[in-house]
Structures are given as C-alpha cells and as structure tokens.
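Please take a moment to look over the sequence and the model shown here, and then follow the explanation below with both of them in view.

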Amino acid sequence: RAGQELDIGVDVTDEHGNPVSLEPYMGMPGHAVVQKDSGDVYVHLHSNGTISMKAQESVAARTGIRVATHSVATRAQRVTFPYAFPVAGRYRVWVQVKSAGKVLTDAVDVVVSD
C-alpha cells in the first residue's frame with residue numbers, strides 16, 4: 001500500500017534454488033532502484049537505508065557531523081531495502097548484488113494500491 005513502510009526483501013539463490021553467499025558491492029549488501037511506470041518516481045535505495053546527499057550535506061553544515069550511509073556487507077543470501085512507495089501505481093524494482101565476484105541484476109514488477 002502507498003505510504004506503508006516496508007522492507008523489500010530479496011533472497012538470492014543459484015539456478016537450483018540453493019542460497020548463495022553475497023559479497024560487499026560498493027560497500028553494501030545490495031543496491032536497488034524503484035521506478036514508477038509513469039516516470040514520476042525514481043529512487044536509488046541502499047540496503048542499510050537511504051539518506052539523500054542533500055540531506056547529508058544539510059546535517060553536516062548544521063552540526064559538523066558527517067552521516068555515513070555505507071557499511072560492510074555480511075555474507076548472507078537475503079537482502080532487504082527499507083522503503084515506502086509514495087503513491088499507488090505500477091513500479092519496477094531492480095536489485096543488484098554481488099556473489100563470487102560477479103554483479104547480479106534482476107527486476108520485478110510491483111502494483112501498489114492506495
């Protein structure tokens with residue numbers, strides 16, 4: 001549902017359905033992109049949560065504290081991305097992870113209701 005906070009969960013398996021170990025990919029367990037079919041929603045998500053660069057700069061300017069949004073990945077086969085779809089509609093979610101030295105990409109279509 002639109003506005004509902006959730007974790008988009010992805011289980012990474014091999015062609016036989018066996019779990020695979022993940023490696024850090026650009027410092028995190030995974031990355032995702034969410035795009036609404038109309039194109040008016042597009043966001044890059046991090047599995048540890050996402051803070052925009054503008055928000056990070058704002059916090060640093062006011063407090064002198066740099067906000068870190070990246071951390072080292074664990075060797076698990078499940079990756080989750082905290083998110084709340086802003087409005088109802090059709091979305092495509094792309095996910096990228098790294099395993100055995102290779103970047104793996106897949107996508108799923110999601111319908112979000114009011």
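Strand 5 and strand 6 run antiparallel and are joined by 11 bridges, in a model that is predicted. Within this pairing, Tyr91 has Val110 of strand 6 standing opposite. A salt bridge also connects the two strands, for the side chains of Asp109 and Arg92 approach each other until their closest N and O atoms are 2.6 Å apart. Asp109 belongs to strand 6 and Arg92 to strand 5, and 17 residues separate them along the chain. Asp109 counts as exposed because its relative accessibility is 52%, over the 50% cut-off, whereas Arg92, with a relative accessible area of 35%, is partly exposed.

The pairing of these strands is part of an open sheet of four strands, whose order is 3-2-5-6 and whose pairing is antiparallel. Strand 3 (42-46) and strand 6 (102-112) stand at the edges with a single partner strand each, so one side of each has no neighbour in the sheet. On average, and with direction ignored, neighbouring strands of this sheet are turned by 20 degrees against each other.

Next, consider a residue of strand 2, namely His31. Is His31 buried or exposed? With a relative accessible area of 6%, His31 is buried, because this value is under the 20% cut-off. Its C-alpha atom is separated by 5.8 Å from that of Leu45, although the two residues are 14 residues apart along the chain. Two polar partners can be named: a polar atom of the His31 side chain lies 3.0 Å from the backbone oxygen of Tyr25, and a polar contact of 3.1 Å joins the side chains of His31 and His44. Beyond its neighbours within four places in sequence, His31 is also in contact with other residues, including Phe81, Trp94 and Val95.

Phe81 leads on to the largest nonpolar core, which has 18 residues, and among those that touch the most other members are Phe81, Ile8, Val34, Leu45 and Val95. Strands 1, 2, 4 and 5 each supply at least two residues of this core, and strand 5 gives the most, with four residues. In soluble globular proteins, nonpolar side chains tend to be buried together. Not counting residues up to four places away in sequence, Phe81 touches Leu6, Ile8, Val10, His31 and Leu45, among others.

Finally, the structure holds two salt bridges, one of which joins the side chains of Asp11 and Arg78 at 2.8 Å, N to O. This pair links strand 1, where Asp11 lies, with strand 4, where Arg78 lies, across 67 residues of the chain. Arg78 counts as partly exposed, at 45% relative accessibility.

Definitions and conventions:
Residues numbered from 1 in each chain as written. Predicted model: local features only at pLDDT ≥ 70, side-chain atom pairs only at ≥ 80, totals over all residues. Heavy atoms only, no water. Core = buried A, V, L, I, M, F, W, Y, C linked by side-chain atoms within 4.5 Å. Buried < 20%, exposed > 50% of the residue type's maximum accessible area, 1.4 Å probe, protein only. Contact = heavy atoms within 4.5 Å. Pairing = 2+ DSSP bridges. Axes fitted to C-alpha atoms, helices over the stretch in contact; angles between N-to-C directions. Polar contact = N/O pair within 3.5 Å; in protein donor to acceptor, adjacent residues only side chain to side chain. Salt bridge = Lys/Arg side-chain N within 4 Å of Asp/Glu carboxyl O.
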